[in-house]
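Visitor: I'm new to reading protein models. Could you walk me through this one?

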Amino acid sequence: AWGVRQVTFVDSGTVSFSNPVRQPLFNFEDSLDGGKPKAVAAADALRRIFPGINATGHSMSVPMPGHPATSPEALKDDVAKLHELIEGHDAVFLLTDSREARAAAPADSAQAPTEPTAHPLGLVPHQIRGFLAHFSNLLVTGQAYDRCTACSAPVLSAYKTEGYVFVNRALEDPKFLEELTGLSELHKDTEAADVDWIEEEEEGED
């Protein structure tokens, strides 16, 4: 049951009073005095549950595209650390709330677009959605999109080539990723398309 012995948390937030009632790794004391860093609190909780686990927490900024970093030097250090952590782990789960982050599918989904990703831990789906009403999970998979701003080939290639420079540019320029992936061109083509919409009248209308 404890086959996974190394767990690492990365987060930029602190524990608020609303967290303990819906996230069991946090308690009321974690919310006091401005809140304990979420990543550190979660790692501490796992070690209390099972002292044999190697759980660590890292607090670092997780900015979104189009939102410039307040401290470029801190961002550079965070990008380097995050890259190091990802390279040193077998599985990465994006447990995030933003629309941009949720769109980030596994990088290797392009090789197996219709099936869950083959992995040392077994089948790893693109998303896991839980339903409390019937206590079940839905493993969501989907085809890789060639214009995805998170995992398409141009994005992966640019990151591998430029690293931090690429990340910083994506944060400073809201349109950079759309231009890089071809989404901007797709938007222009869509707007220029001559489409005739046929509106059907509902029954009972004159």
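Visitor: Let's start with Asp44. Is Asp44 buried or exposed?

Guide: Keep in mind that this is a predicted model. The relative accessible area of Asp44 is 18%. Buried means under 20%, so Asp44 counts as buried.

Visitor: And Lys36, which forms a salt bridge with Asp44: what does Lys36 count as?

Guide: In that salt bridge, the closest N and O atoms are 2.6 Å apart. Lys36 has 28% relative accessibility. That value falls between the 20% and 50% cut-offs, so Lys36 is partly exposed.

Visitor: How far apart are the closest N and O atoms of Asp44 and Arg47?

Guide: Both residues sit in helix α1 (residues 38-49), three residues apart, which is about one turn of the helix. Arg47 is partly exposed, at 35% relative accessible area. Asp44 and Arg47 form a salt bridge, and their closest N and O atoms are 2.2 Å apart.

Visitor: What about Lys81 and Glu84, how many residues apart are they in helix α2?

Guide: Here's the general idea: side chains of opposite charge can pair when their charged atoms come close. The side chains of Lys81 and Glu84 meet in a salt bridge, at 3.8 Å from N to O. About one helical turn separates the two in α2, because they are three residues apart.

Visitor: Which residues do salt bridges with shared partners join into one network?

Guide: The count comes to four salt bridges. Asp44 has a salt bridge with Lys36, and Asp44 also has one with Arg47. Through those shared partners, the network joins Lys36, Asp44 and Arg47.

Visitor: Now for the nonpolar parts. Which helix gives the most to the largest nonpolar core?

Guide: That core has eleven residues, among them Leu75, Val155, Phe166 and Leu177. α2 (72-87), α4 (153-162), α5 (164-172) and α6 (176-181) each supply at least two residues of the core. With five residues, the helix that gives the most is α5.

Visitor: Which residues does Phe176 touch, leaving out those up to four places away in sequence?

Guide: Phe176 is one of the core residues, and so are Phe166 and Ala170. Leaving out residues up to four places away in sequence, Phe176 touches Phe166, Arg169 and Ala170.

Visitor: One last stop, the surface. Where is Leu94?

Guide: Leu94 helps make a nonpolar surface patch of about 480 Å², together with Val10, Val62, Leu82, Ile86 and Val92. As for its place in the chain, Leu94 is in the loop between α2 and α3 (99-102).

How values were computed:
Residues are numbered from 1 along each chain as its sequence is written. This is a predicted model: local features need pLDDT of at least 70, side-chain atom pairs count only at pLDDT 80 or more; totals for chains, interfaces and linings use all residues. Side-chain values use heavy atoms; hydrogens and water are left out. A nonpolar core is a set of buried Ala, Val, Leu, Ile, Met, Phe, Trp, Tyr and Cys residues joined through side-chain atoms within 4.5 Å. Buried means under 20% relative accessible area, exposed over 50%, partly exposed in between (1.4 Å probe, protein chains only). Helices (H or I, at least four residues) and strands (E, at least two) are DSSP runs, numbered from the N terminus. Contact means heavy atoms within 4.5 Å. Patches are made of residues with over 30% relative accessible area and no salt bridge: like charges are joined within 9 Å, nonpolar side chains (Val, Leu, Ile, Met, Phe, Trp, Tyr) within 5 Å. Accessible areas come from the Shrake-Rupley method with a 1.4 Å probe; for residues, only the protein chains shown count as cover.
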